[in-house]
Amino acid sequence: MTKPKEIFVSVDVETAGPIPGEYSLLSIGACDVYNEVNAFSCELKPINHNAVPEALKVSGLSLVALEQTGLAPAEAMLQFHDWAKSLTDNDETLVFVGLNAGFDWSFVNYYFHKYLGKNPFGFAPLDIKAYYMGLTGCSWTDTRSSRMSENLKPRGEGDHNALHDAKYQAELFRLIRARQI
């Protein structure tokens with residue numbers, strides 16, 4: 001019996017605050033870890049006006065502007081779902097990969113279930129920080145992306161644009177996997 005092929009998808013989000021439901025998912029960026037050209041990006045209309053000012057400052061996103069230009073959450077999640085499923089054949093498994101996956105996963109999983117009733121990534125994300133810590137034996141503090149970058153020497157860097165960050169995370173993940181024991 002052969003194992004199903006796993007398709008690793010790097011996902012990053014920008015949000016209006018720390019928790020889904022109370023704060024809006026504002027932007028999604030994703031790419032196939034091993035083929036970054038195959039990417040997805042969208043901005044979403046906010047579900048309410050709750051916002052942590054620092055979160056909006058970091059991302060540079062505006063709730064007022066996104067009310068006009070963003071996709072309705074249901075449409076955004078349908079497009080993301082369809083893009084993700086287009087990466088697989090019937091016997092392949094999608095694996096959500098994130099840097100601090102718990103945060104990004106919480107919003108993506110919540111929105112998929114709220115607006116589509118299902119999540120194409122299943123029920124568990126793969127966290128780059130934990131993977132790196134397990135592989136290297138480093139401290140939790142050393143799993144910050146800046147510390148990983150010092151060690152791994154990626155070409156890219158993060159800038160709080162969801163798609164750019166998804167591609168940067170994909171590069172970090174590839175570099176970590178290349179060091180497997």
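The exercises below work through the sheet, two helices and the cysteines of a predicted model.

In this model local features need pLDDT of at least 70 and side-chain atom pairs count only at pLDDT 80 or more, while totals for chains, interfaces and linings use all residues. Residues are numbered from 1 along each chain as its sequence is written, and side-chain values use heavy atoms, with hydrogens and water left out.

**Exercise 1. The sheet**

Task: State the order of the five strands in the open sheet and which are the edge strands.

Solution:
1. Strands are DSSP runs of E with at least two residues, and helices are runs of H or I with at least four, numbered from the N terminus. Two strands pair if DSSP finds at least two bridges between them.
2. β1 (6-15) and β2 (25-32) run antiparallel and are joined by seven bridges. Threonine 15 has leucine 25 in β2 as its bridge partner.
3. β1 and β4 run parallel, with five bridges. Here glutamate 6 stands opposite threonine 93 in β4.
4. β4 (93-98) and β5 (126-127) pair in the parallel sense over two bridges. One partnership is that of glycine 98 with aspartate 127 in β5.
5. The order is therefore β3-β2-β1-β4-β5, with mixed pairing. β3 (35-43) and β5 are the edge strands, each pairing on one side only.

**Exercise 2. Cover on the sheet**

Task: Find how many residues of β1 are buried, and which strands α7 lies across.

Solution:
1. Buried means under 20% relative accessible area, exposed over 50%, and partly exposed in between (1.4 Å probe, protein chains only).
2. By that cut-off nine of the 10 residues of β1 are buried, and the strand is mostly covered.
3. α7 (162-178) lies across β1, β2, β3, β4 and β5. Contact means heavy atoms within 4.5 Å.
4. α7 runs at about 140° to β1. Axes are lines fitted to C-alpha atoms, for helices over the stretch in contact, and angles run from 0 to 180 degrees between N-to-C directions.

**Exercise 3. Helices α4 and α5**

Task: Identify the buried residues of α4 and of α5, and explain why they line one face of each helix.

Solution:
1. α4 (residues 101-115) has 15 residues and reaches 20 Å from its first C-alpha to its last, close to the 21 Å expected. The expected span is 1.5 Å times one less than the number of residues.
2. Its buried residues are Ala101, Asp104, Trp105, Phe107, Val108, Tyr111 and Phe112. Seen down the axis of α4 they fall within an arc of 165°, so they line one face. The arc is that of the directions from the helix axis to the C-beta atoms.
3. An α-helix has 3.6 residues a turn, so residues three or four places apart point the same way.
4. The cover of these α4 residues includes β1, β2, α3 (73-86), β4 and β5. Glycine 117 follows α4 with a positive phi, near 80°.
5. In α5 (residues 128-136) the buried residues are Ile128, Lys129 and Tyr132. Their arc, seen down the axis of α5, is within 100°, so they too line one face of the helix.
6. β4, β5, α6 (145-152) and α7 are among what covers them. Just after α5, glycine 137 takes a positive phi of about 75°.

**Exercise 4. The cysteines**

Task: State how many disulfides there are.

Solution:
1. A disulfide is a pair of cysteine sulfur atoms within 2.5 Å.
2. The count comes to zero. For cysteine 31 the nearest cysteine sulfur, that of cysteine 42, is 14 Å away.
3. Cysteine 31 is buried, with a relative accessible area of 0%, and cysteine 42 is buried at 7%.
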